[in-house]
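Here's a quick walk through one protein chain, from salt bridges to overall shape. Have the structure open as you read.

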Amino acid sequence: ALEKHKTQTAQKMEDLEGKFAALQEAESYLKIMKPNVSPYDHGDTAALRSEVDQCGEAVVQRTQELEELLRVEKEKDVLRVEYANIANDIRDYVDTKTTELGMHEGTLETQLSALEALQDNYNSKKPDMEKAIVAAAAQDAAGVVVNSHTPETIETLQAAWGGLERVYAKASEAISAQILAEQTAGLTHEQIAEANDVFDEFDVDKNGDLNLQEFHDCCTSLGLLLDKDEAAVKHAQLDGDGSGR
């Protein structure tokens with residue numbers, strides 16, 4: 001539109017100047033050939049000159065206005081593109097990782113390990129979300145209302161980003177609960193809490209594990225009557241890392 005304006009107005013001004021020059025020539029001719037003829041109704045060409053000049057000035061002013069509008073719009077579009085690139089990448093990431101979450105197979109431990117890797121990767125991408133927030137704020141400050149380069153507003157983007165984090169948290173909680181259920185042979189939380197209370201009672205040195213003597217005392221208290229050798233065998237069976245505790 002700006003280029004069209006420049007081309008059309010330049011042609012019109014050129015035509016106007018041409019007609020004005022022809023008018024001046026006619027006026028000069030009449031003054032010489034018919035000096036006694038009265039001036040035409042609109043006065044001489046000197047009076048018209050100021051109007052022609054005003055027209056030229058108006059063209060220049062309008063051109064400058066359009067060029068300024070174009071400059072501002074180009075600056076806005078740079079901000080639009082910058083935000084759109086970040087936002088579209090984040091949306092693709094969220095969609096990809098959401099799909100990937102349901103593709104992990106294997107043991108519960110394997111699934112939990114894969115999920116933890118996804119969560120670590122998610123945390124590493126948080127700076128991208130922070131960049132999106134900054135880019136969105138820059139758009140708002142520049143007066144950008146609509147971004148034709150992306151359907152994502154900062155609100156929809158934050159909702160998707162936070163949703164992925166919640167999905168990870170729920171999945172982790174579910175898998176951990178299943179692992180705990182397997183490890184505790186289906187014991188309830190209340191039963192586990194009771195077992196921990198018993199354990200703590202016989203953990204005399206309060207270091208979080210039972211040595212052979214503490215273990216033997218615990219078994220005896222629970223009605224499992226073992227001699228020292230039997231207690232040592234049972235203790236060794238439960239001592240997975242061979243630490244003696």
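A salt bridge here is a side-chain nitrogen of Lys or Arg within 4 Å of a carboxyl oxygen of Asp or Glu. By that rule, Arg91 and Asp95 form one, with their closest N and O atoms 3.5 Å apart. Before going further, some ground rules: this is a predicted model, where local features need pLDDT of at least 70, side-chain atom pairs count only at pLDDT 80 or more, and totals for chains, interfaces and linings use all residues. Residues are numbered from 1 along each chain as its sequence is written, and side-chain values use heavy atoms, with hydrogens and water left out.

**Overall build**

The protein has 8 helices and 0 strands. Helices (H or I, at least four residues) and strands (E, at least two) are DSSP runs, numbered from the N terminus. Read from that end, the order is simply α-α-α-α-α-α-α-α.

How does the radius of gyration of the protein compare with that of a compact globule of 245 residues? The protein has 43 Å, while such a globule would be near 18 Å. That radius is taken over C-alpha atoms, and the globule rule is 2.2 Å times the number of residues to the power 0.38. Along the principal axes, the C-alpha atoms fill a box of roughly 145 × 35 × 30 Å.

Buried residues make up 25% of the 245 residues. Buried means under 20% relative accessible area, exposed means over 50%, and partly exposed is in between (1.4 Å probe, protein chains only). The accessible surface comes to about 16800 Å², and carbon and sulfur atoms account for 55% of that. These areas come from the Shrake-Rupley method with a 1.4 Å probe; for residues, only the protein chains shown count as cover. As for contacts (heavy atoms within 4.5 Å), take those between residues at least 6 apart in sequence: 70% of them join residues at least 24 apart.

**Salt bridges**

A search of the whole structure turns up 15 salt bridges. Three of them are set out below.

| Pair | Closest N to O distance |
|---|---|
| Glu17 and Arg49 | 2.9 Å |
| Arg91 and Asp95 | 3.5 Å |
| Arg245 and Asp209 | 2.7 Å |

The side chains of Glu17 and Arg49 meet in a salt bridge. This pair links distant parts of the chain, with Glu17 in helix 1 and Arg49 in helix 2, 32 residues apart. Glu17 is partly exposed at 33% relative accessible area, and Arg49 is partly exposed at 27%. Asp53 joins in too, as Glu17, Arg49 and Asp53 are linked in a network of salt bridges.

Arg91 and Asp95 are a local affair: both lie in helix 2, 4 residues apart, about one turn of the helix. Arg91 is partly exposed at 25%, and so is Asp95 at 38%.

Towards the C-terminal end, Arg245 forms a salt bridge with Asp209. The pair links distant parts of the chain, 36 residues apart: Arg245 is in the segment after helix 8 (228-238), and Asp209 is in the loop between helix 6 (189-202) and helix 7 (212-221). Arg245 is partly exposed at 30%, and Asp209 is partly exposed at 24%.

That loop between helix 6 and helix 7 also holds Lys206. Its phi is near 55 degrees, a positive value in a residue other than glycine. Lys206 counts as exposed, at 59% relative accessibility.

**Helix 1 and helix 2**

Is Thr9, in helix 1, buried or exposed? Thr9 is buried because its relative accessible area is 16%. Its side chain reaches the backbone oxygen of Lys6 at 3.4 Å. The C-alpha atoms of Thr9 and Glu73 are separated by 23 Å, with their positions 64 residues apart along the chain.

Further along helix 1 (residues 2-33) sits Tyr29, which is exposed at 52% relative accessibility. Tyr29, Leu30, Ile32 and Met33 form a nonpolar surface patch, with about 460 Å² of accessible area together. Patches are made of residues with over 30% relative accessible area and no salt bridge; like charges are joined within 9 Å, and nonpolar side chains (Val, Leu, Ile, Met, Phe, Trp, Tyr) within 5 Å.

Helix 2 (residues 45-101) is home to Lys97. Despite its charge-bearing type of side chain being counted for salt bridges, Lys97 is buried, with a relative accessible area of 15%. Which residues does Lys97 contact, leaving aside its neighbours within four places in sequence? They are Leu118, Asn121, Leu164 and Tyr168.

Key. Polar contact = N/O pair within 3.5 Å; in protein donor to acceptor, adjacent residues only side chain to side chain.
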